[in-house]
Amino acid sequence: MNKRALLLTLPAILLVLSMLLSACGENANSGEASEVEIKFPSIWVAKDSKAATFAQIVKDFNEQNQGKIKVVVEEIPDYGAYKDKIRTNITTGTAPDIFSFDNPADGEFYYKSGNLADLTPYLDEQWKSTFLDHAFDNAAYGGKVYSIPFEFGVTPVLYNTKLFKQAGITGFPKTYTELFAAFDKLKTAGIAPATQMTGGDGWVSMLWYSQLVSAIGGPDVYKHGLDDPAFVQAAEVLKKLFDYTTGDAVGLDNAGGHFLNQQTVVLLNGPWFIGRIKKEGIDQLYDSVEVAPAPVYEGGKGQPGQYIGFTQASLAVGKQKDKKKEEAIVKFLKYLTSPDNVKKISLDSGSLFVIKYEVTKDDKLERLQTEMKKGMEAAPYIIPHFRASVSPAVGAEFPQALSGLVLGKYTPEQFVEQLKQADSK
């Protein structure tokens, strides 16, 4: 080949090489861009009863969508830290790709922020039919659906029959008069009757207050606001209950530990706690635990067998600029909330969900979960807990006001007044 031919050919060769390299680069880049990464800060980790099954579901999804979609879980086992993070993210306009929340009042705040994705277009009849009736009643805002209801919580009484028998008590008391009589027997026997707490969000004691408020004021008590006398009367009884708890109740944050170590006899909590009883409870604790509805308040408007129930976890999606990513997130949501996966989580953890699934004779049903479910189905009504029925400001004030009540700083009337003032700020 002469020099002239070589010179003429060289630009063409370089052009071809450039095109090949460009194509290779585009393929590599498109390969990288094709995998959508979904960030999911989650509390279903560590000791949470759903942790192992949830992790497996994420792993299975990632394997099935390898190279296309990858869910990355940010583990946040502390509930308080998790709520603070989500609220901060929403406020600053940096909502996570997916997150969960447990309080309808928080949900309303998130909906109003304008930082959540509208899931209405994705909620077709096929997906919606897998949920229980009325599951989406509290998931909409302004006619649009901004969250997917997931876990359902009920919080009846969990009690230790072994310790009851030691104090000569048979069966769980039906009324509060009977309850205090039983607690006196336990206290005389040197056994702390019930777990209480004012640390953190005051969860367990807030549940006791919820039971008392509705037992005294009836299922419509929250319609009347904090001016209803039931709130003061319930505070009087709650203060008395602190005479029958552990010495560290004021300021206590991790309330489950005492019950798991058989240091208290009674605990109000939900089906998600069943896994912890099995895994963290002292030897044979699970065999001694039974379920019962809270007592009836004599002269109150509440009915026997009332249950406190609420959507324990809803799933929301941060607003996305990339439609492809939004669709990938919804694909994972549908996978996570599929009846088969929900059934796995439910049977493994004892948790209850708003998604329907079939139980066969070969399924090993969880005993305590089954008892809770029966109690829920037999309840004359199911009422949300206190924190879900008031403003976020009142819910946040509750543990501080409760500490003041227990320590004698506030009377029951002043305790309720503190809650009212928080609502007016």
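Let's start with an open space: the second largest pocket in this predicted model holds about 1,100 Å³. Who stands around it? Its lining is made up of 42 residues, and the ones nearest its centre are Leu132, Phe152, Phe310, Thr311 and Val354. Sorted by class, that lining has 23 nonpolar residues, eleven polar ones and eight charged ones.

Now look at which parts of the fold those residues come from. Helix α15 (367–378) gives the most to the lining of the second largest pocket, namely six residues. Several other elements each supply at least two residues, including α4, β4 (140–141), β6 (148–154), β11, α14 (339–349) and α16 (386–389). Where does this pocket sit with respect to the domains? Domain 1 (36–153 + 311–377) and domain 2 (157–308 + 381–423) both give residues to its lining, so the second largest pocket lies between them.

On to the largest pocket, which has a volume of about 1,400 Å³. It is lined by 44 residues, and if you head for its centre, the closest of them are Asp78, Tyr79, Gly80, Lys83 and Asp201. The class count for this lining is 20 nonpolar, ten polar and 14 charged residues.

Which helix gives the largest share of that lining? That's α3, with seven residues. You can trace α3 along residues 79–91, and other elements that each bring at least two residues to the largest pocket include β3 (98–101), α4 (104–113), α8 (203–217), β11 (307–317) and α17 (392–406). Here, too, both domains take part: domain 1 and domain 2 each give residues to the lining, so the largest pocket lies between them. If you're following along, α4 and β11 are worth picking out, since they turn up in the lining of the largest pocket and also in that of the second largest pocket.

Finally, let's follow α17 away from the largest pocket, whose lining it helps to build, and see how it packs with other helices. Its axis and that of helix α18 (residues 412–424) come within 9 Å and cross at roughly 155°. That angle makes α17 roughly antiparallel to α18, and the crossing in which α17 passes α18 is right-handed. Helix α9 (residues 230–241) meets α17 at another angle: their axes come within 10 Å and cross at roughly 65°. That makes α9 roughly perpendicular to α17. The crossing in which α9 passes α17 is right-handed.

Notes. Residues numbered from 1 in each chain as written. Predicted model: local features only at pLDDT ≥ 70, side-chain atom pairs only at ≥ 80, totals over all residues. Heavy atoms only, no water. 1 Å grid on protein atoms, 1.4 Å probe; cavity = no way out; pocket = protein on both sides within 12 Å on 5 of 7 lines; lining within 4 Å. Points joined across faces, edges and corners; volume = space filled by probe spheres on them. Helix = DSSP H or I, 4+ residues; strand = E, 2+ residues; numbered from the N terminus. Nonpolar A, V, L, I, M, F, W, Y, C, P; charged D, E, K, R; others polar. Domains from an automatic or database assignment. Axes fitted to C-alpha atoms, helices over the stretch in contact; angles between N-to-C directions. Parallel < 35°, antiparallel > 145°, perpendicular 65-115°, else oblique. Left-handed = near helix turned anticlockwise from the far one by under 90°.
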